[in-house]
Amino acid sequence: MLSHSRCLTRNFGRSFFAIRKGNNVLARRATAALSVSHPVTFNNNVKSNPGSSIFQIQYFRTSVTYRDEVVTVKTPAFAESVTEGDVRWEKAVGDTVAEDEVVCEIETDKTSVQVPSPAAGVIEELLVPDGEKVEGGTPLFKLRKGAGAPKSSESPKTEAPAAAAGPPQPSAVAPPPLPPPPASAVGPIPTTMPPVPPVPAHAMDTKPVSAIKPTAAPAPQTEGGAKGARTETRVKMNRMRLRIAQRLKEAQNTCAMLTTFNEVDMSNISEMRKTYKDAFLKKHNIKLGFMSAFVKAAAYALADQPAVNGVIDDTTKEIVYRDYVDISVAVATPKGLVVPVIRNVEGMNFADIEKAINLLGEKARKNELAVEDMDGGTFTISNGGVFGSMFGTPIINPPQSAILGMHGIFDRPVAVGGKVEIRPMMYVALTYDHRLIDGREAVTFLRKIKSVVEDPRVLMLDM
């Protein structure tokens, strides 16, 4: 950069000297050596005496490329329903990051927002401590672009000069001879026999081997204190876990929750899945599961019992009935329970529902769920059966009015046509807000789900 500046100054000085002297040929020759990124404009419209050639410089602009630029990365904008979040750093000061590599995560009430590096470089400074609350637009860290390199590339660079040097050249002067070995320290060889030791006058006392008792070895010292030490570890609750605890406690304090139960015979739906799973996978490129049957059955039952799909507006003391069905599906993630929403389920078929569930599940596992994916929802389904649950009472997801709990499928003896048969059975539970939903509506709703899952032809006949 310094040599480039000297060259530019020398060329400009020559051209300016030529302009003052009126030498047009020299001026053109000198200015021709200037870079295109340094334009020079001359104004020859100035009035002057005849016979003289005087030029006036109008402007002179240079453009310089800065390396190792330091940029400040700010907190991305949140959704409308989110105002702040907690910072969890993945990198430290001095770490080398690649472009789009995650530097930190901002945990909000509903999801985690990843903050990637805008370019490759080295983290210069962390402007917010770990766990601190930030808002949209808050400066997070400083990044020096293009600085540093991966640590793995340092060792080849240091070894390169040694390899390039090659083997040492032999010296022209012969090395000095090695010194002679030192004289042996061994004495002269003896010529006479050594003297025989005297025999003791009395025999030594001896004991039989069986009379000797072994002594116990000392117990080894155990490191780390006594065996089975009782320790405790305290971990700060993340923002999502705090929000989940708050909402669940609000549901218990606000809703008059009551749970009704039923059992579903899974024989027909299992047989249908076994018969058509290969054809379903070939046509729709997705597996056929049991979740789509329960989601579709819930949408059908919600249309039959609109009170279950409604909600109480505590602010205006009104009941809001919806003519659409948005079902939230509870998904367990390492950071907590999230409930992404499948929208307009009433117009979906089994394939559409399975694709939507698979898409939301992938986003949840990759921590890519946005706030918009979890906003809204008129009804929730929680499937504890994937963990082997047999029975349970789910808690309402406010501001909704009901939640369906699915459980594990177990073979049990049931009475069928006056005979005892072994059938795959599942217990289902419906927890509802008794302030809005009466027992008759809740039981009718759950029986409608039971009838649709046990015999999917009910959907076709609209019964």
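Helices and strands here are DSSP runs, a helix having at least four residues and a strand at least two, numbered from the N terminus. By that count, the protein has nine helices and 20 strands. The model is a predicted one. The chain holds 463 residues, and 32% of them count as buried. Look next at contacts with a separation of 6 or more. Residues 24 or more positions apart account for 63% of these.

Start with the four-stranded sheet. It is open, and its order is β7-β6-β4-β9. The pairing is antiparallel. Strands of a sheet pair through backbone hydrogen bonds, either parallel or antiparallel. Which strands stand at the edges here? They are β7, residues 112-116, and β9, and each pairs on one side only. Neighbouring strands of this sheet are turned by 40° against each other on average, if direction is ignored.

Now follow strand β4, which covers residues 84-89. On one side, β4 is joined to β9 (residues 133-135) by three bridges, and the two run antiparallel. Two facing pairs can be found on this side. Asp86 stands opposite Lys133 of β9. Glu84 stands opposite Glu135, also in β9. Then turn to β6, residues 102-107. Four bridges link β6 to β4, again in an antiparallel run. Here Trp89 has Cys104 of β6 as its bridge partner. Is β4 mostly covered or mostly open? Strand β4 is mostly covered, with five of its six residues buried. In a regular strand the side chains alternate between the two faces of the sheet. A helix also belongs in this picture. Helix α4, residues 239-254, lies across β4, β6, β7 and β9. It runs at about 140° to β4.

Move on to the six-stranded sheet. This one is open too, with the order β11-β20-β19-β18-β14-β17. Its pairing is mixed. Why do β11 and β17 each have a side without a neighbour? Strands β11 (257-265) and β17 (341-342) stand at the edges with a single partner strand each, so one side of each is left without a neighbour in the sheet. The partner of β11 can be read from the order: β20 stands beside it. Nine bridges join β11 to β20, residues 419-433, and these strands run antiparallel. Within this pair, Val264 stands opposite Met426 of β20.

Helix α8 covers this sheet's strands in part. Its residues are 439-454, and it lies across β11, β18 (379-383), β19 (402-416) and β20. The helix runs at about 25° to β11. How many residues does α8 have? It has 16, and it reaches 22 Å from its first C-alpha to its last. That is close to the 22 Å expected at 1.5 Å a residue. Among the buried residues of α8 are Phe445, Leu446, Ile449, Val452 and Val453. Charged-looking names appear there as well: Glu441, Lys448, Lys450 and Glu454 are buried in α8.

Next comes helix α6, residues 291-304. Its 14 residues reach 20 Å from first C-alpha to last, close to the 20 Å expected at 1.5 Å a residue. How much of α6 is covered? Twelve of its 14 residues are buried, so to speak of it as mostly covered is fair. The buried residues of α6 include Met291, Phe294, Val295, Tyr300 and Leu302. Several alanines are also buried in α6, among them Ala293, Ala297 and Ala301.

Helix α6 meets two other helices. Take α8 first. The axes of α6 and α8 come within 9 Å and cross at roughly 140°. Helices α6 and α8 are therefore oblique to each other. Their crossing is right-handed. Which residues meet? From α6 they include Phe294, Ala297, Ala301 and Asp304, and from α8 they include Phe445, Ile449 and Val453.

The other partner is α7, residues 350-365. It packs against α6 at an angle of about 115°, with the axes 9 Å apart. That angle makes α6 roughly perpendicular to α7. Met291, Ser292, Ala293, Val295 and Lys296 of α6 make the contact with Phe350, Ile353, Glu354 and Ile357 of α7. Helix α6 passes α7 in a right-handed crossing. Ala293 of α6 appears in the contact with α7, and Ala293 also meets α8.

Technical notes
Residues are numbered from 1 along each chain as its sequence is written. This is a predicted model: local features need pLDDT of at least 70, side-chain atom pairs count only at pLDDT 80 or more; totals for chains, interfaces and linings use all residues. Side-chain values use heavy atoms; hydrogens and water are left out. Buried means under 20% relative accessible area, exposed over 50%, partly exposed in between (1.4 Å probe, protein chains only). Two strands pair if DSSP finds at least two bridges between them. The expected span of a helix is 1.5 Å times one less than its number of residues. Axes are lines fitted to C-alpha atoms, for helices over the stretch in contact, and angles run from 0 to 180 degrees between N-to-C directions. Angles under 35 degrees count as roughly parallel, over 145 as roughly antiparallel, 65 to 115 as roughly perpendicular and the rest as oblique. A crossing is left-handed if the near helix is turned anticlockwise from the far one by less than a right angle, and right-handed if clockwise. Contact means heavy atoms within 4.5 Å.
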